[in-house]
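This report walks through one protein chain, from its overall make-up to its core, its charged pairs and a few individual residues. The sequence and the structure are shown first.

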Amino acid sequence: MKKMYKKLSLLLALTMLAGVLSACGAKQEPAADPAPETDGPVAVEKLNIAFAPYDASEVIMAATEPLCGMLQEKLLEKGYDVKDIELSVGASYEAVGEALSAGSADVGFISGGTYTLYSDDCDVLLSALRSAYSKDSENPADWNDGTPGAYTGDKATYYRSIILAGPSEKGRALAAKVNAGEELTWEELSDATWTVMSASSASGYIYPALWLNEHYGKTISDLPNVIQSDSYSTSMARLAAGQADIAVGFGHLQYKYADQWTGEFGGTGSVWEQTNVLGVTEGIYNDTVSVSKASKVMTDDFRQAFGEAMIEIGETEEGLAIIQTFAHTGYAFAQDSDYDGERAAQELLKSLS
């Protein structure tokens with residue numbers, strides 16, 4: 001099934017990348033053959049980096065544009081003269097996985113769930129680090145005390161997914177039961193409209209589906225009213241507008257979109273007042289920076305240099321401002337076995353579908 005899905009999807013890999021592309025920091029010197037190491041840096045004509053749709057494409061592109069120059073500078077220090085870096089945002093998580101499979105993306109910033117789906121065709125290079133979030137209880141009512149969540153000064157190797165009710169009539173009714181310490185029924189949840197991400201998104205689909213199975217013996221595919229969103233900002237906008245009663249996503253959804261909730265999303269009160277957590281999943285291992293096995297650029301030496309460059313960029317104030325767009329606070333070298341838990345989650349999910 002996985003191979004059939006990937007064959008069908010491969011034909012769409014190039015067209016599924018969002019139309020917003022950025023070739024930034026391109027140098028104007030004519031291309032030259034790589035010089036011997038003793039004579040100077042190795043020339044790399046073009047590096048293609050694709051981002052999963054963690055946010056709206058225009059938000060990601062605006063935030064990551066300075067990354068090109070930073071990477072070129074760092075990689076030059078490590079012996080690689082990268083002439084051109086092109087950034088793109090995938091139309092879905094799978095689109096970036098397919099681009100890595102095809103070699104049209106050399107590097108992809110993707111979730112652990114997406115990585116395990118495409119790990120035959122790409123290698124994990126880095127795991128993201130995140131700031132620990134102040135709300136971490138497995139009891140959803142603890143999240144709904146009216147106080148804003150916030151990042152702490154600690155680093156975390158995992159994050160949680162939440163099932164979040166909005167200000168619609170059904171959303172408020174579900175929240176009232178949870179906050180009163182009552183158990184929700186499957187009938188109540190299935191009567192609501194849910195907005196989710198694509199099926200390979202860890203926090204936007206896989207772990208919420210496992211949460212449903214643990215509590216009700218059901219998954220997202222059993223829900224009759226589901227809308228797939230192209231980004232978490234779209235999910236939150238739908239929640240604020242009452243187009244959906246429940247959204248699923250990473251645990252800091254409310255924090256990330258607090259300003260937009262009362263701004264462009266049209267919320268009539270703060271996100272902390274108008275949304276409530278109905279469920280909390282187990283911890284999810286952090287996102288990946290993965291590299292294509294089909295890439296002609298990503299040699300073993302260049303992979304190492306790129307990984308070191310991203311780690312060093314994440315340690316700077318300017319670099320941190322960029323990668324926080326993805327809720328990342330740094331990077332560490334990773335290995336494939338780090339994501340065995342994600343594989344187990346996906347296998348369980350397949351057995352339930």
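Helix α14, which runs over residues 300-314, is a convenient place to begin in this predicted model. The 15 residues of α14 reach 21 Å from the first C-alpha to the last, close to the 21 Å expected at 1.5 Å a residue. The buried residues of this helix include Phe302, Ala305, Phe306, Ala309, Met310, Ile311 and Ile313, and they also include Arg303 as well as the glycines Gly307 and Gly314.

**The chain as a whole**

The secondary structure comes to 16 helices and 15 strands, and 54% of the 353 residues of the chain count as buried. Among contacts with a separation of 6 or more, 77% come from residues that stand 24 or more positions apart. The accessible surface of the chain is about 14900 Å², and carbon and sulfur atoms account for 50% of that area.

**The nonpolar cores**

In soluble globular proteins, nonpolar side chains tend to be buried together. Here the largest nonpolar core has 85 residues, and those with the most contacts inside it are Ile49, Leu71, Phe109, Leu189, Leu278, Phe306 and Tyr331. Helix α9, covering residues 202-216, gives the most to this core, with 9 residues. Apart from it lies another core, of 13 residues, which has Val96, Leu100, Val124 and Tyr339 among its members.

Leu278 serves as an example of how such a residue is surrounded. When residues up to four places away in sequence are not counted, Leu278 touches Pro140, Ile163, Ala165, Leu174, Ala175, Val178, Leu184, Leu189, Trp211 and Ile246. Phe306, another of the residues with the most contacts inside the largest core, is also one of the buried residues of α14.

**Salt bridges**

The count of salt bridges comes to 16, and three of them are set out below.

| Salt bridge | Closest N and O atoms |
|---|---|
| Lys46 with Glu86 | 3.6 Å |
| Lys78 with Glu312 | 2.8 Å |
| Arg343 with Asp340 | 3.1 Å |

The pair of Lys46 and Glu86 links distant parts of the chain, since Lys46 is in strand β2 (residues 42-51) and Glu86 is in strand β3 (residues 80-90), 40 residues apart. Lys46 counts as partly exposed because its relative accessibility is 35%.

What does the pair of Lys78 and Glu312 tie together? Lys78 lies in the loop between α4 and β3 while Glu312 is in helix α14, so this salt bridge ties together parts that are 234 residues apart in sequence. Lys78 is partly exposed, with a relative accessible area of 23%, and Glu312 is likewise partly exposed, at 24%.

Arg343 and Asp340 form a pair within one helix. Because they are 3 residues apart in helix α16, which spans residues 340-352, about one helical turn separates them. Arg343 has a relative accessible area of 22% and is partly exposed, and Asp340, with 41%, is also partly exposed. Elsewhere, salt bridges that share partners join Lys74, Lys78, Glu308 and Glu312 into one network.

**Individual residues**

Helix α16 also holds Leu348, which is partly exposed, with a relative accessible area of 39%. Leu348 and Ile206 are 142 residues apart in sequence, and their C-alpha atoms are 9.8 Å apart in space.

Is Thr195, in strand β9 (residues 194-196), buried or exposed? Thr195 counts as buried, because its relative accessibility is 0% and the limit for burial is under 20%. A polar atom of the Thr195 side chain lies 3.3 Å from the backbone oxygen of Ile227, and the side chain of Thr195 makes a polar contact with the side chain of Ser235 at 3.4 Å. With neighbours within four places in sequence left aside, Thr195 is in contact with Ile227, Ser229, Ser235, Arg238, Ala244, Ile246, Ala247 and Val248. Ile246 is also one of the residues that Leu278 touches.

Ala327 is found in the loop between α15 (317-323) and β15 (330-333). The phi angle of Ala327 is near 65°, a positive value in a residue other than glycine. With a relative accessible area of 14%, Ala327 is buried.

Definitions and conventions: Residues numbered from 1 in each chain as written. Predicted model: local features only at pLDDT ≥ 70, side-chain atom pairs only at ≥ 80, totals over all residues. Heavy atoms only, no water. Core = buried A, V, L, I, M, F, W, Y, C linked by side-chain atoms within 4.5 Å. Buried < 20%, exposed > 50% of the residue type's maximum accessible area, 1.4 Å probe, protein only. Helix = DSSP H or I, 4+ residues; strand = E, 2+ residues; numbered from the N terminus. Contact = heavy atoms within 4.5 Å. Expected span 1.5 Å × (residues − 1). Salt bridge = Lys/Arg side-chain N within 4 Å of Asp/Glu carboxyl O. Areas by Shrake-Rupley, 256 points an atom, 1.4 Å probe, with all protein chains shown as cover. Polar contact = N/O pair within 3.5 Å; in protein donor to acceptor, adjacent residues only side chain to side chain.
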